[in-house]
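Please look at the sequence and the model below before reading on. The paragraphs after it go through the structure one part at a time.

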Amino acid sequence: MPNSTDLCDFLSSYAAAILKAGSTTERCEKTVSRIAAVYGGVVETTILPRSVTVSVRPKGNWSFVSMHKSISGYAVDFHQISMLSQLSWDIRDEHISLAVAKKRLKNIVMRRKMNPWLAMMLISLANASWVRLFDGDYPGVVIVFFATVIGLHLRNTLTGRFKWDYRISTLMAACCSSVLVSLAFLLDWTQTEEVALGTCVLYLVPGIMFINSVSDMINGHVLYSFNRFVTACLLTACLGLGLSLGILLMNVKELIYN
């Protein structure tokens, strides 16, 4: 077995990385245990809303080494989760040394992410497709596409460049998107304005958080599950408030109900 301190440092960094990428607690515990077993260690993982603590001991020895890592931020990255999971299987099947595993973990965490503009276009296309799914017209699709692009860009700018709170950024993005769709409504650019208004903020819905909170609850991590659920509810409330604010600012409430 490698040095317990080195192994604990690697496992705690691994656990923090996979949780930050949006993994469920069950996947985190399974992959960490899988890696520890390969290196001859027994591991205990304690997951809290903003941190994770990993304790490691050699088999047959009750002297634990523990390390605490913070989980800063939360950004769903399925590709990173997949790569980290694959790393755990490679360690088991190919008997990768701890030094090589550390290098691969660093490369995964530091890898170049998808071009933000490409991601923005793909998200906007996906969000605009909801218009047709709910029988909206093609002008509504185009309007929602551009409203999503601008709303996403605003949210990313506020959270990235100006370091705004993500909840306020979500509210502002929802308000911006609803204002743009309301403007198109007033200019009579679409005949399915209700569909356009209802779908223009769906890109902000924290669906993954809701799903993961249920999974974490089933897995027994009640505190972590509750934290994710409350965060998802707050984000949903912010996008709803932003949508309502945009409708009120453009004064289209009466037109919608008429």
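At what angle do α5 and helix α6 pack, and how far apart are their axes? The angle is about 140°, and the axes lie 8 Å apart. Axes here are lines fitted to C-alpha atoms, for helices over the stretch in contact, and angles run from 0 to 180 degrees between N-to-C directions. At that angle α5 is oblique to α6, because angles under 35 degrees count as roughly parallel, over 145 as roughly antiparallel, 65 to 115 as roughly perpendicular and the rest as oblique.

Some ground rules come next. This is a predicted model, in which local features need pLDDT of at least 70 and side-chain atom pairs count only at pLDDT 80 or more, while totals for chains, interfaces and linings use all residues. Residues are numbered from 1 along each chain as its sequence is written, and side-chain values use heavy atoms, with hydrogens and water left out.

The protein has eleven helices and three strands. Helices (H or I, at least four residues) and strands (E, at least two) are DSSP runs, numbered from the N terminus. Along the sequence the pattern is α-α-β-β-β-α-α-α-α-α-α-α-α-α. The C-alpha atoms fill a box of roughly 75 × 35 × 30 Å, taken along the principal axes. Of the 258 residues, 44% are buried; buried means under 20% relative accessible area, exposed over 50%, and partly exposed in between, with a 1.4 Å probe and protein chains only. Among contacts (heavy atoms within 4.5 Å) between residues at least 6 apart in sequence, 66% join residues at least 24 apart.

The strands come next. They form an open sheet in the order β1-β2-β3, with antiparallel pairing. Its edge strands are β1 (41–48) and β3 (65–70), each of which pairs on one side only. On average, neighbouring strands of this sheet are turned by 15° against each other, direction ignored. Two strands count as paired if DSSP finds at least two bridges between them. For β1 and β2 (residues 51–58) there are eight bridges, in the antiparallel sense, and Val43 stands opposite Val56 in β2. β2 and β3 are also antiparallel, over six bridges, with Val52 opposite Lys69 in β3. The hairpin of β2 and β3 has six residues between the strands, and Gly60 in this hairpin takes a positive phi near 85°.

Further along the chain is Arg111, in the loop between α4 (98–110) and α5 (116–133). Is this residue, Arg111, buried or exposed? With a relative accessible area of 17%, Arg111 is buried. Not counting residues up to four places away in sequence, Arg111 touches Asp77, His79, Gln80 and Met83. With Gln80 there is a polar contact between the two side chains, at 3.2 Å. A polar contact is a pair of N or O atoms within 3.5 Å; within protein, one must be able to donate a hydrogen and the other to accept it, and residues adjacent in sequence count only if both atoms are side-chain atoms.

Back to the pair α5 and α6. Their crossing is right-handed; a crossing is left-handed if the near helix is turned anticlockwise from the far one by less than a right angle, and right-handed if clockwise. Residues of α5 that meet α6 include Trp117, Met120 and Ile123, and among those on the α6 side are Tyr138, Val149 and Leu152. Leu152, which is in helix α6, is buried, with a relative accessible area of 3%. Leaving aside residues up to four places away in sequence, Leu152 touches Met120, Ile123, Ser124 and Tyr203. The C-alpha atoms of Leu152 and Cys176 are 9.5 Å apart, with their positions 24 residues apart along the chain.

A second helix pair is α9 and α10, which pack at an angle of about 160° with their axes 8 Å apart. That angle makes α9 roughly antiparallel to α10. The crossing of α9 and α10 is left-handed. Contacts are made by residues including Met209 and Phe210 of α9 and Val222 and Tyr224 of α10.

Gly220 lies in the loop between α9 (207–218) and α10 (222–250). Gly220 is exposed, with a relative accessible area of 52%. Its C-alpha atom is separated by 9.1 Å from that of Thr25, and the two residues are 195 residues apart along the chain.
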